[in-house]
Amino acid sequence: MTTFDALDYQGQVAVLTEAAAATLAERWGMAHCALTCVQHFQNSTFRVETPSGARYALRVNRPKSQSLATVKSELLWLTALHRETDLLIPVPVPTVNGELLTEATAHGVTRLYVLFHWLDGDMLDHELTPAQLESVGVFMAKLHNHSAHWTPPDGFTRKTLEWDGQMDEHYQNAIVHGRAMIPPTMREIFVRVRQRVEPIMSGLGQSPQVYGLIHNDIYQKNMLFVGDSVRVLDFDNCGWGHYLLDIGVTLAKLLPHVDYAAKREALLRGYRIQRVLPDEQIARIDSFIAARIMLLALYLAGQTDHPGMSSVVPSFVAESAQQLERWLMSGSFT
């Protein structure tokens, strides 16, 4: 029997689609649904349409990337955000037994399944406007305001997004597998970035004013828009970290834009409408951008078991190293 990892992209999607349909019928009582795979990478996501026309999003977590406890904690935070804020986010749909998630086994591998209410909006394939990025800044600040005042329930478990937290077992394994794809000169750049950024992160401390639960993946492919109003998807990478890291994640993706400075200003302007962001923290943002670039490059370099990644990762890692080297030399991305 062919293992799942040995299947090509289409084969993996076919197996997951069959497993998802069976799980929906058994655990959510949703039989005869139309499933469309909209993403198959770290996790797999399916658009679900019931015979009555209702729409949902089903997420299938990649094995070993999360545990029952960590996914349940993510969903508890989403439930609290939905109940206590006006943010438009994915809202989990309980199973017929009232559980927020479920485990099911297919092709010899156990996976975690989560069903969400469908969020309307457009996933844009063109560069975001300053007005849209201001809306993203407002969203982010509201998220951080909630985090600063929310008390998680007992047993709440999410990873810590500092250096040691990022280097969890799954992350470490990805880096080990990807080392052969990273030339020694690039590895030396990454070491220098960590040496510069780590004391800046630790120097901020962990008071509720600067540190709490963050999304950790707010970039364009996780955003939906209705006009200039934003909805944010995919909280699977959320965890405990500095609020500046959320800002750094968003800005890292904007760096190639010719009007980066204006878009950066729009994002920060929106943020400061809802939340205080002192100038001394703004001065540290570029360090968090560097951290995001480095950690993402190292992680993706280790995804050799995913179909198609081997053809795109080397150029991505090389571009990331170039960005980081420029930052090391100038101390700024602007």
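## W240 and its aromatic partners

W240 is partly exposed in this predicted model, with a relative accessible area of 24%. Across the structure the count of aromatic pairs comes to four, and one of these joins W240 to F156, whose ring centre lies 6.1 Å from that of W240. Because the two ring planes stand at 75°, the pair is classed as edge-to-face. F156, at 13% relative accessibility, counts as buried, whereas W240 is partly exposed.

The positions of these two residues in the fold give the contact its reach along the chain. F156 belongs to the loop between α3 (130-149) and α4 (163-166), while W240 is part of strand β9, so the pair ties together parts that are 84 residues apart in sequence. Ring pairs also bring in W150, which is linked with F156 and W240 into a cluster.

## A stacked pair and charges over rings

W327 and F333 form an aromatic pair of the stacked kind, with 6.0 Å from centre to centre and 5° between the planes. Both W327 and F333 are buried. The ring of W327 has a charged neighbour as well, since the charged end of R196 sits over this ring at 5.1 Å from its centre. A further arginine, R111, lies over the face of F4, at 4.3 Å from the ring centre.

## The salt bridges of R59

A search of the whole structure finds 14 salt bridges, and two of those described here involve R59. In one, the side chains of R59 and E74 meet with an N to O distance of 2.8 Å. R59 lies in strand β3 (residues 55-60) and E74 in helix α2 (residues 68-84), so this salt bridge ties together parts that are 15 residues apart in sequence. Both ends of the bridge are buried, R59 having a relative accessible area of 5% and E74 standing at 1%.

In the other, the side chain of R59 meets that of D236, here with an N to O distance of 3.7 Å. D236 is found in the loop between β8 (229-232) and β9 (239-242), and since R59 lies in strand β3, the pair ties together parts that are 177 residues apart in sequence. D236 is likewise buried, with a relative accessible area of 3%.

## A further salt bridge and the shared network

K263 forms a salt bridge with D259, in which the closest N and O atoms are 3.4 Å apart. The two partners differ in their burial, for K263 counts as buried at 2% relative accessibility, while D259 is partly exposed with a relative accessible area of 29%. Where salt bridges share partners, they join R59, E74 and D236 into one network.

## Cysteines

Turning to the cysteines, the count of disulfides comes to zero. C33 is in no disulfide, and the nearest cysteine sulfur, which belongs to C37, is 16 Å away; a disulfide would require the two sulfur atoms to lie within 2.5 Å, so this separation rules out such a bond in the model. C33 is buried, with a relative accessible area of 17%, and C238 is also buried, with a relative accessible area of 0%.

Technical notes:
Residues are numbered from 1 along each chain as its sequence is written. This is a predicted model: local features need pLDDT of at least 70, side-chain atom pairs count only at pLDDT 80 or more; totals for chains, interfaces and linings use all residues. Side-chain values use heavy atoms; hydrogens and water are left out. A salt bridge is a side-chain nitrogen of Lys or Arg within 4 Å of a carboxyl oxygen of Asp or Glu. Helices (H or I, at least four residues) and strands (E, at least two) are DSSP runs, numbered from the N terminus. Buried means under 20% relative accessible area, exposed over 50%, partly exposed in between (1.4 Å probe, protein chains only). Rings of Phe, Tyr and Trp (its six-membered ring) pair if their centres lie within 6.5 Å; planes under 30 degrees apart count as stacked, over 60 as edge-to-face and the rest as tilted. A charge sits over a ring if NZ of Lys or CZ of Arg is within 6 Å of the ring centre and within 35 degrees of the ring normal.
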